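Colleague: I am new to this structure, and I would like to go through it slowly. Please show it to me, and then let me ask how the terms are applied.

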Amino acid sequence: MGRKKGVEFDEGAPDDFDPNNPYKDPVAFFEMREHLVREKWIDIEKAKILREKLRWCYRIEGVNHLQKCRHLVQQYLDATRGIGWGKDLRPPFMHGPKVVEAVESE
């Protein structure tokens, strides 16, 4: 018997979790909660990395940062949309940008 050469992580959601009745299996419920928290932390860390790249772009480009760093700004805004630990109880698909409908003038 020997040691394993690498570490294996179970990166997916639990197979036995039932979203219609989440409290049916307590173990699957806690595994699903851990999965969601892990995914949330991954998204937060990706946004932090993009923020650091954006800071460096602003410092290096100086006055040209509006043109040169535009792609990083868009990536950062997309990465930060819908992440965080807000307590507003909205599902993630509702955390997108607020779209204001144009009022038709007659």
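Modeller: Let me begin with a term: a contact means heavy atoms within 4.5 Å. Leaving aside neighbours within four places in sequence, Ala-28 is in contact with Pro-14, Asp-16 and Phe-17. Please keep in mind throughout that this is a predicted model.

Colleague: Where is Ala-28 placed, and what makes Ala-28 count as buried?

Modeller: Ala-28 has its place in helix α1. Buried means under 20% relative accessible area, and Ala-28 has a relative accessibility of 1%, so Ala-28 counts as buried. As for its surroundings, the C-alpha atoms of Ala-28 and Ala-13 are separated by 9.1 Å, and these two residues are 15 residues apart along the chain.

Colleague: Why is His-35 called buried, and which residues does His-35 touch?

Modeller: The same kind of reasoning is used here. His-35, which is found in helix α1, has a relative accessibility of 12%, and because buried means under 20%, His-35 counts as buried. Not counting residues up to four places away in sequence, His-35 touches Glu-11, Gly-12 and Ala-13.

Colleague: How much of the protein chain counts as buried, and what supplies the area that the protein chain exposes?

Modeller: Of the 106 residues of the protein chain, 11% count as buried. The protein chain exposes about 9900 Å², of which carbon and sulfur atoms supply 56%.

Colleague: How many helices and strands are there in the protein chain?

Modeller: The protein chain has three helices and zero strands, and along the sequence the pattern reads α-α-α. Among contacts with a separation of 6 or more, 38% are accounted for by residues 24 or more positions apart.

Colleague: What makes Lys-48 and Glu-45 a salt bridge?

Modeller: A salt bridge asks for a side-chain nitrogen of Lys or Arg within 4 Å of a carboxyl oxygen of Asp or Glu. The closest N and O atoms of Lys-48 and Glu-45 are 3.4 Å apart, and the two residues form a salt bridge. In general, side chains of opposite charge can pair when their charged atoms come close. Because Lys-48 and Glu-45 are three residues apart in helix α1, they are separated by about one helical turn.

Colleague: Why are Lys-48 and Glu-45 called partly exposed?

Modeller: Partly exposed lies between the limits of under 20% for buried and over 50% for exposed. Lys-48 has a relative accessibility of 38%, so Lys-48 counts as partly exposed, and Glu-45, at 36%, counts as partly exposed as well.

Colleague: How many salt bridges does the structure hold?

Modeller: The structure holds three salt bridges. Arg-55 forms one with Glu-52, with the closest N and O atoms 3.5 Å apart, and both residues lie in helix α1, three residues apart, about one turn of the helix. The side chains of Arg-81 and Asp-78 meet in another, at 3.1 Å from N to O.

Colleague: Which residues gather in a patch of negative charge on the surface, and what makes Asp-10 count as exposed?

Modeller: Asp-10, Glu-11, Asp-15, Asp-16, Glu-31, Glu-34, Glu-39 and Asp-43 gather in this patch. Exposed means over 50%, and Asp-10 has a relative accessibility of 64%, so Asp-10 counts as exposed. Asp-10 lies in the segment before α1 (26-61).

Technical notes. Residues are numbered from 1 along each chain as its sequence is written. This is a predicted model: local features need pLDDT of at least 70, side-chain atom pairs count only at pLDDT 80 or more; totals for chains, interfaces and linings use all residues. Side-chain values use heavy atoms; hydrogens and water are left out. Patches are made of residues with over 30% relative accessible area and no salt bridge: like charges are joined within 9 Å, nonpolar side chains (Val, Leu, Ile, Met, Phe, Trp, Tyr) within 5 Å. Accessible areas come from the Shrake-Rupley method with a 1.4 Å probe; for residues, only the protein chains shown count as cover. Lys and Arg count as positive and Asp and Glu as negative; His and the chain ends are not counted. The place of a charge is taken as NZ of Lys, CZ of Arg, CG of Asp or CD of Glu. Helices (H or I, at least four residues) and strands (E, at least two) are DSSP runs, numbered from the N terminus. Buried means under 20% relative accessible area, exposed over 50%, partly exposed in between (1.4 Å probe, protein chains only).
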